Amino acid sequence: MMNLLAESSPVPAIQGQMQGQIDIKNLHIRLGHGKNEFEAVQNVSVSIQPGEFVCLLGPSGCGKSTLLGALAGHLAPCSGSIQVDAQLVKGPHSDRGLVFQHHTLFPWRKVIDNVAFGLKMKGLPRAERHERARELLKLVGLAGFEQHYPSQLSGGMQQRVEIARVLINHPRVMLMDEPFGALDAQTRMMMQELLLDVWERIRTTILFITHDIDEALFLADRILVMSPRPGRIIEQIPVVFTRPRQSEIWTSDHFIHLKRRCLELLHLKNADFPLRRLTPLGTAPYP
Amino acid sequence: MSSITEAIAISSEKIRPHQLEVERLVRRISSIGICVLAWHLASTHHVDLGLVTFQNVPSPQEVLAAGWELLQSGKIVSHLTASMSRVFSGYLIAVVTGIALGLIIGRSRTSGDTLLPPLEMLRPIPAVAWIPLSILMFPSSELSMIFITFTGALFPILLNTIHGVEAIDPRLIASARSLGTGHGAIFTEVILPAAAPSIFTGLSIGMGTAWFCLVTAEMIAGQFGIGYYTWASYTVQNYAEIVVGMLLIGLLGMTSSLAIRKLGNAMMPWRVSGANK
Ligand SMILES: Nc1ncnc2c1ncn2[C@@H]1O[C@H](COP(=O)(O)OP(=O)(O)O)[C@@H](O)[C@H]1O
Ligand SMILES: [Mg+2]
């Protein structure tokens, strides 16, 4: 019986020190070629603790996705360094999972095989990876949808599968680029609560990009605010609301105070310059 | 697969999918029936529209008689096996080279720059123009004919594969890499399945163009083949036999293209829209 209980937990008990320490030092990233080359990220230095939930807040086009792309290992920095647990980031790795605004599930794989994909790449046998995938699907509230194809799910469900697919690898860091940005307000709030709930159980460092101040304040332990292009970190705001957080905090005085501070920093008055939406991997396929 | 058919069944409660299928089949067959009827009327009444005339066009009855004769002679089996083995050999080689080249060209700009210009130059050359060179280049006429059907099938497969690979969302590949997919596995686990719908479009078109080149290829045949039969009937001006040959090629081309499409749908059950086409 004891044995059964231990096995049904999706994550083995954390042994020893927690992982997921991020150290970014004097990071500069340049994008574009020739005449069009420009500095997207300028002299960013920041450390993130293992298991910390950090939100990156900044105006559109300031270099948030670029910074995340470099952390994931898809973009090479021009100078400076990124280390995760004292290891230099040199390329993509299953230790650093990525979640985009629009899901990138494989349309040809059923939900369960999407979630189990990381374990397939690690060479685990099918039965074992399906068992683990089923546990993670239960964790994100999608038990019973194993045999569906991604296109048969709603946007919120697709993002939940995406999160499960990343978490099955037990990443040291989960990098999320406006993951709930395309969802309707109600679904977004539900997903925020679900993410916090999952994160309480599977503790991993999360770096979460958003341009929604409320979202950042509701989720984060700490908010990093970035300046318009070239992106620099202009302020770090600790957010100390007790967890588990409830939606009541939205109306508290302290919440409103922090929100005002964020608004000031983002200069929302003159932030209405239209910028083409690009990802560091090229033009975004969705408007 | 079953969950998809379920989903379709739910979306159209009133009409049963089976009933719908029967209706569509009836519509398709009657469409061919109408064409044959129009042909019958035009040829028996010797319709002359000035620009186009049916005065000397053989009627369906004459063609049927010629077809019956071919069937009776017993040569049809040799004609069919000869043509089918040529078309399928050329097609198979085109499938392998087209998909392999397409994956490479679609993935790397340098290989695209080096491989595409000569291919683009060869592409507009019609099958007929290849006849003399293919006779010179290959030791047997059988290989020459296979080569000509190969040239017909190659380009649709190649171009659709390239297009399919280039259209893959780069985020899909980035995600896969961040999930621990190595360089080799990216091809088999992501690029090939992501490009599969486009590749199958190419495979289906390529099947048709391979048959399209058959008459040309079999102009150099000595004895057997539907294309040879058609061409030989032309040299003796037997028009009914020509139409028999034409119809046989059309029928075989259509059936094998359809088979490829069905195979594609069976292999890509996640494409709900493709499943009921
Ligand atoms: N591949 C690229 N080539 C050239 N410019 C790019 C590329 N990707 C993004 N950019 C530009 O770099 C800046 C930062 O982009 P990004 O990191 O996506 O911003 P954010 O995620 O904060 O909205 C933007 O001005 C964007 O237009
Ligand atoms: Mg972005």
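How far apart do the end C-alpha atoms of residues 121–138 of chain B lie, and what percentage of the span is helix? Those end C-alpha atoms are 21 Å apart, and the span is 72% helix and 0% strand. Keep in mind throughout that this is a predicted model.

**View 1. Two of the chain B stretches that UniProt marks as "transmembrane region".** The unreviewed UniProt entry puts this feature at residues 88–106, 121–138, 145–165, 185–203, 210–230 and 242–260 of chain B. We've already met 121–138, with its 72% helix. For residues 210–230 of chain B, the end C-alpha atoms sit 16 Å apart, with 62% of the span in helix and 0% in strand.

**View 2. Gly225(B), in a loop between two helices.** Zoom in on 210–230 and you'll find Gly225(B) in the loop that links helix H10 (214–218) to helix H11 (226–235) of chain B. Gly225(B) counts as buried because its relative accessibility is 0%. Leaving aside residues up to four places away in sequence, Gly225(B) touches His79(B), Ala82(B), Ser83(B), Arg86(B) and Glu218(B). Look for Thr81(B) too: 144 residues separate it from Gly225(B) along the chain, yet their C-alpha atoms are 7.6 Å apart.

**View 3. The largest nonpolar core, with residues from chains A and B.** This core has 116 residues. Those with the most contacts inside it are Phe53(A), Met174(A), Leu195(A), Phe208(A) and Ile223(A), plus Leu203(B) from the other chain. Pick out Leu203(B) and you'll see it touching Tyr91(B), Val95(B), Ile99(B), Ile157(B) and Ile260(B), with residues up to four places away in sequence not counted. There's also a second, separate core of 31 residues, which includes Leu31(A), Leu71(A), Ile82(A) and Ala174(B).

**View 4. Helix H9 of chain A, with a buried side and exposed residues opposite.** H9(A) runs over residues 253–266, and its 14 residues reach 20 Å from the first C-alpha to the last, close to the 20 Å expected at 1.5 Å a residue. Phe255(A), Leu258(A), Cys262(A), Leu265(A) and Leu266(A) are the buried ones here. They share one side of H9(A) because they cover an arc of only 95 degrees around the axis. Over on the other side, Asp253(A) and Arg260(A) are exposed. What do the buried residues of H9(A) pack against? Their partners in chain A are strand E3 (53–57), helix H8 (213–219), strand E9 (222–226) and strand E10 (233–238). Just past the end of H9(A), check the backbone of His267(A), which takes a positive phi of about 40 degrees.

Terms used: Residues are numbered from 1 along each chain as its sequence is written. Chains are lettered from A and ligands numbered from 1 in the order in which they are written. This is a predicted model: local features need pLDDT of at least 70, side-chain atom pairs count only at pLDDT 80 or more; totals for chains, interfaces and linings use all residues. Side-chain values use heavy atoms; hydrogens and water are left out. A nonpolar core is a set of buried Ala, Val, Leu, Ile, Met, Phe, Trp, Tyr and Cys residues joined through side-chain atoms within 4.5 Å. Buried means under 20% relative accessible area, exposed over 50%, partly exposed in between (1.4 Å probe, protein chains only). Contact means heavy atoms within 4.5 Å. Helices (H or I, at least four residues) and strands (E, at least two) are DSSP runs, numbered from the N terminus. The expected span of a helix is 1.5 Å times one less than its number of residues. The arc is that of the directions from the helix axis to the C-beta atoms. UniProt positions are given in the numbering used here, feature names are shortened, and annotations may be inferred rather than shown by experiment.
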